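Trainee: I have a structure open and would like to reason through it with you, one question at a time.
Mentor: Gladly; let us bring it up and begin.

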Amino acid sequence: MNILMIEDEQRVADIVTKYLEKEGYTVFTCYNGTEGLEVFLRENISVVLLDLMLPDISGEEICKRMRAISNVYILMLTAKGTLDNKIEGFKLGADEYLVKPVSPRELVARVNALKERKDRENNTEVYSFDKGNLKIYPAERKVSSYNKDIVLTPNEFEILSHLAQSAGRVYSREQLIDAVMGIDFDGFDRTIDVHIKNIRKKIELDTKNPRFIKTVTGIGYKMEGDII
């Protein structure tokens, strides 16, 4: 992840940069607004650490220019600490507003938390079988089969998703019950058979010759098909 730090206090900028680079981030450090904007337009920046009191262009003006063209994450870092200052910063489009002095460790922690959040938001994992004829979206809990949206019950979705994430692996009925319904489930293993039957009706073109969920005689079920 690329980070742009625009800070005219060179000592502060250099210390924070070292902390961030130690965490594995690529940091572009600029000591004035003009240079900062040039780097921002040239590089693929994910996070901007922005001082407001710069020698050439105000941080507020830089924030406005960035917001006009990007939804980049902007963290304002400044000595301006009044409530009005903070409110104005958020109105301009700041995502966070920290008042100096700020511990470099806190800045790194905030950036790390942001990265984890962005990673979760960007997790678009899809289980796709048979050249996309079956797609399973775990995060959205959606399924499409042959370009049609499929409505599954919660348990049906959990069973299908569990099979999909380990395609080719054979699961016994007991293992599926434990994984989906919990070890305290007070039922019988043939419950899985009923769910599988219902899932097949919804996702298969031919339930007598299923393409995706295969029965392994005497053991249980497995997911089959070319995964993309």
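Trainee: How are helix H7 and helix H8 oriented, roughly parallel or roughly perpendicular?
Mentor: In this predicted model, the axes of H7 (residues 173-180) and H8 (residues 190-203) come within 9 Å and cross at roughly 80°. Angles from 65 to 115 degrees count as roughly perpendicular, and therefore the orientation of H7 to H8 is roughly perpendicular.

Trainee: How many charged residues does the contact of H7 with H8 have?
Mentor: On the H7 side we find Arg 173, Leu 176 and Ile 177, while H8 contributes Arg 190, Ile 192 and Asp 193. Sorted by class, the contact has three nonpolar residues and no polar ones, and the number of charged residues is three.

Trainee: Which residue forms an aromatic pair with Phe 90, and is that partner buried or exposed?
Mentor: The whole structure holds two aromatic pairs, and in one of them Phe 90 meets Tyr 97 in a tilted arrangement, 6.4 Å centre to centre with 50° between the planes. Phe 90 is partly exposed because its relative accessibility is 43%. The partner has a relative accessible area of 8%, and since buried means under 20%, Tyr 97 is buried.

Trainee: How many residues apart in sequence are the parts that Tyr 146 and Phe 212 tie together?
Mentor: Tyr 146 and Phe 212 form a tilted aromatic pair, 6.2 Å centre to centre. Tyr 146 is partly exposed at 24% relative accessibility, whereas Phe 212 is buried at 0%. Tyr 146 lies in the loop between strands E8 and E9, and Phe 212 in the loop between H8 and strand E11, so the separation in sequence is 66 residues.

Definitions and conventions. Residues numbered from 1 in each chain as written. Predicted model: local features only at pLDDT ≥ 70, side-chain atom pairs only at ≥ 80, totals over all residues. Heavy atoms only, no water. Axes fitted to C-alpha atoms, helices over the stretch in contact; angles between N-to-C directions. Helix = DSSP H or I, 4+ residues; strand = E, 2+ residues; numbered from the N terminus. Parallel < 35°, antiparallel > 145°, perpendicular 65-115°, else oblique. Contact = heavy atoms within 4.5 Å. Nonpolar A, V, L, I, M, F, W, Y, C, P; charged D, E, K, R; others polar. Phe/Tyr/Trp six-rings, centres within 6.5 Å; stacked < 30°, edge-to-face > 60°. Buried < 20%, exposed > 50% of the residue type's maximum accessible area, 1.4 Å probe, protein only.
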